[in-house]
Amino acid sequence: MKHFNIKSERSLTMTMKLLGAAFFILHSSFFISCSDFLYDDSDQVAYADRNLLTEDADTLWAVAGIMNKMQVIADRTILLGEVRGDLVSLTNDASADLRALANFESAVNKYNRPSDYYAIINNCNYYLANADTTLRNSRNERVFLKEYAAVKAFRAWTYLQLVLNYGSVPLVTKPILSLDDAGRYMGVSPEYIASEKLGLPEGTFAEISTICKFFIADLLPFADVEMPTYGSIRSTDSKLFYYPIKVLLGDLYLWSGQYREAAQSYYRYISTRNGTNSVYPISTNSVRFTGNDSRWMNTRDSWSPMFAQESNSSNSELIMMIPGDSIPSEGNYSELRDLFNTSESNDYTCSIVPSQALIDLSAAQKYCHYTSGGEYVYAPDGLDNYRTGDLRLSAVYTNLENLGGLGVSVNGKRVTNYSVISKYQTRNVHILRRAMVWLRLAEALNRAGFPRFAFQILKTGVNNNVIANEVLPYYPADSAFIASFYFPNTSYLPETTARLATENTMGIHSRGSGYTAANAAYAFLEDSTITDTPQTSVLDAQIDYVENLITDEEALEFAFEGHRFYDLMRIALRRNDPSYLASRVARRSGTLNPALNATLSDTRNWYLRLE
C-alpha cells in the first residue's frame, strides 16, 4: 500500500485543512442558489441522498450552487490581480489586508483563503462525478452536456486562478465527501489525485505547467459545446455567467508556452462566437478629442460607457461576469464599488486610485488627432485632467482635479476627496471582455513568431487585406498557418477618415490614442533599426519590442480590472526575467522602491502562502 510523499509535514497539514474545509462546505451547504439570479425561495438544495444527478432541476440547481461559490472569490479575483500590480495605489483609507497584499506581506489576510477555491473545485468534482451524462431528452439530446461542459470550465478556470496565486497546489479531481475520503486522499488512495494520470509521483503539488497540461486535455473534447442558457434572469442574460471554453483553452495554451495553439483557440472563439463563420470585430468604440476642438477640451466617448453595459449581443464587449448579490447582508455582495469609488455607503472614502506609474504611462503616449479640416496633428503635452497622451484614463477616472479642485457636493455633503473609477458601477464582477481576447490573440501571435501580425492588431486592426499586405510577405514559410486566420474584408471594415457607420474595427491602441493607423510615432521595429548581436536576432528583437507594446496596451485598456499582476508575471516567467515584474511593481509610485524591488526579484515572493 503506497502513501503520498508530501513535501513536508506542514504541507500535509495544510492540504488536510484545505480538503477538510472543502468537505464541510460541500456537506453543509452544497448547491446554494444565487438568489438574485434564480429563485428567491430556494436557498438550499441538498443531494446527499442521490448517487446521480438525473433530473432537469438537478442541472439548474447544481450549476447555480457552483456559481454561488464563485461569488465568494469574485472580488478577490480582481484585487489579487490589481492591488499587487503597478497600476494602482492605495489611499490612507485602505484596509490592513489590502496593504498587506500591495506590500507582498505574508501576514494572515482575509483575501488569502485557498479553501474557498477548493469549495468551488469540490462542488465541480461532485457534479462531474455524479451527473448522468447518458440521460437524453425527447429530442435525443444529452440533457446534461452543456452544463457538464460549463462545470468543466468552472473547475479549470478556478484551478488556473489558484495556481497563479499560490504557485503550487494540490490537484484533486475526485469529490471529497467525508473526512474519511480526505484521509484516503492524503494517505493511500491515488484515485483522488490527478497527478498519477500525468505520470507524476503520488502527492505531487501541481505547478502552472501541470495545471495547463491537465486541463487542456480535460477541456478539448468540449471546446465546441455551447454553454447553457436560462434566458434573461433579473434582466441579465445568463450566457454571461460562463467562461467560454475556447478562450479558456487559449489562456491555458498561452501560460504553457504553446503559442500557435493559443492563437488558434482565440481565433476560433472570435470566428464562432456568434455562430459558424461569424464575425466579432474589436469595434470602433473609443474616446477621442472632437474634430473641431482646437483647445483640446472636448472629447467624445463611446468606450467607457461599455463598462456599465451587461447585455449580451453579437457585438457586446462583455463576455463573462460573476453575478453578485444586490443586498449587502446576503454575504456575497461585492465590495469593489466601495473600494474604487467614494460614495455615501463608504462615507465618501475610497481605497484604490490610479498609481503614478499608470498616470505616467498614459501621458507618455502620443495622441494622433484627425481634425475637422482633414489634417493629422499630434495633441500637445501638458494637458490637464489626465488628457495628455492616451485618453482612456481620463474617461474612467474622475477626481477633484477633473472637477476644478474645489470639492463636489454629493447629497448635500461637501466631499473633498472625491474619486471615482467608473469601471465599477454594477453589483456584478466583470471577468472577461472582447478586447482581452483580441490582445491575447496578439500576444500569442507575437510569441508564435509573427510580430508584424500582432502589431497590426494594435495599430490598424486586421482583415484579409491587411494580412495579405502587412503580414504574409514577411513570413512566406508559414503562409498556411497565417492563412488559417480568415477575417473577410466585407465583414471586418477598418475605420477610415470617412467615419462610416459600417466601420467596425480599429487598432486597439486607437481606443484611447487617436488615429493610430496614421500615427508615425507608433511604428514597427524595422530590421534596419536593430543592431544585431550574437544574443539577439532581428526576429527576437521585434518580438520583445511588440510584446512591450502589448504590455503597455494591456495596462491602458485593462487598468483596474484585475489582470495586471498576472500579465507581468506571464511575461517575466516567459523571459526568465523576474525584473520585468519586479521593477515595474516597485515603481508604481513613480520612483523605485528598493526594498519592494528586492522582494519581488525572488519569484517565490510573488505567491501567497497556502494557509
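Contact is taken here to mean heavy atoms within 4.5 Å. In this predicted model, Phe487 is in contact, by that criterion, with Tyr267, Ile270, Trp438, Phe453, Val462, Asn463, Asn464, Ile467 and Tyr492, where residues up to four places away in sequence are not counted.

Phe487 also belongs to the largest nonpolar core, which has 168 residues and in which Phe487, Tyr159, Trp438, Phe453 and Phe560 are the residues with the most contacts inside the core. Helix 5 provides the largest share of this core, namely 14 residues. A second core, separate from the largest one, has 5 residues, among them Tyr348, Leu400, Tyr418 and Val420.

Helix 5, which runs over residues 145-166, is also one of the two packing partners of helix 7, since the buried residues of helix 7 pack against helix 5 and against helix 8 (245-255). The buried positions of helix 7 are Thr210, Ile211, Cys212, Phe214, Phe215, Ile216, Asp218 and Leu219. The length of helix 7 can be compared with expectation: because a rise of 1.5 Å a residue is assumed, the 12 residues from 208 to 219 should span 16 Å, and the end C-alpha atoms are indeed 16 Å apart, in agreement with that value.

Turning to internal space, the count of cavities of 30 Å³ or more comes to 9. The largest cavity has a volume of about 240 Å³ and is lined by 21 residues, of which Trp157, Gln161, Arg440, His563 and Tyr566 lie nearest its centre. Helix 5 again features here, giving the most to the lining of the largest cavity with 4 residues, while at least two lining residues each are supplied by helix 2 (56-82), helix 5, helix 8, strand 14 (429-433), helix 13 (434-447) and helix 18 (564-575). Divided by class, the lining of the largest cavity comprises 11 nonpolar, 5 polar and 5 charged residues.

The second largest cavity encloses about 170 Å³ of space, and its lining is made up of 15 residues, with Phe307, Lys423, His430, Arg433 and Glu561 lying nearest the centre. Strand 14, which supplies at least two residues to the lining of the largest cavity, gives the most to the lining of the second largest cavity, with 5 residues. The lining of the second largest cavity divides into 9 nonpolar, 2 polar and 4 charged residues.

Note on methods
Residues are numbered from 1 along each chain as its sequence is written. This is a predicted model: local features need pLDDT of at least 70, side-chain atom pairs count only at pLDDT 80 or more; totals for chains, interfaces and linings use all residues. Side-chain values use heavy atoms; hydrogens and water are left out. The expected span of a helix is 1.5 Å times one less than its number of residues. Buried means under 20% relative accessible area, exposed over 50%, partly exposed in between (1.4 Å probe, protein chains only). On a 1 Å grid over the protein atoms alone, a cavity is a set of points where a 1.4 Å probe fits but cannot get out, and a pocket is an open set with protein on both sides within 12 Å along at least five of seven lines; lining residues have an atom within 4 Å of a point. Grid points are joined across faces, edges and corners, and a volume is the space filled by probe spheres set on the points. Ala, Val, Leu, Ile, Met, Phe, Trp, Tyr, Cys and Pro count as nonpolar, Asp, Glu, Lys and Arg as charged, and the others, Gly among them, as polar. A nonpolar core is a set of buried Ala, Val, Leu, Ile, Met, Phe, Trp, Tyr and Cys residues joined through side-chain atoms within 4.5 Å.
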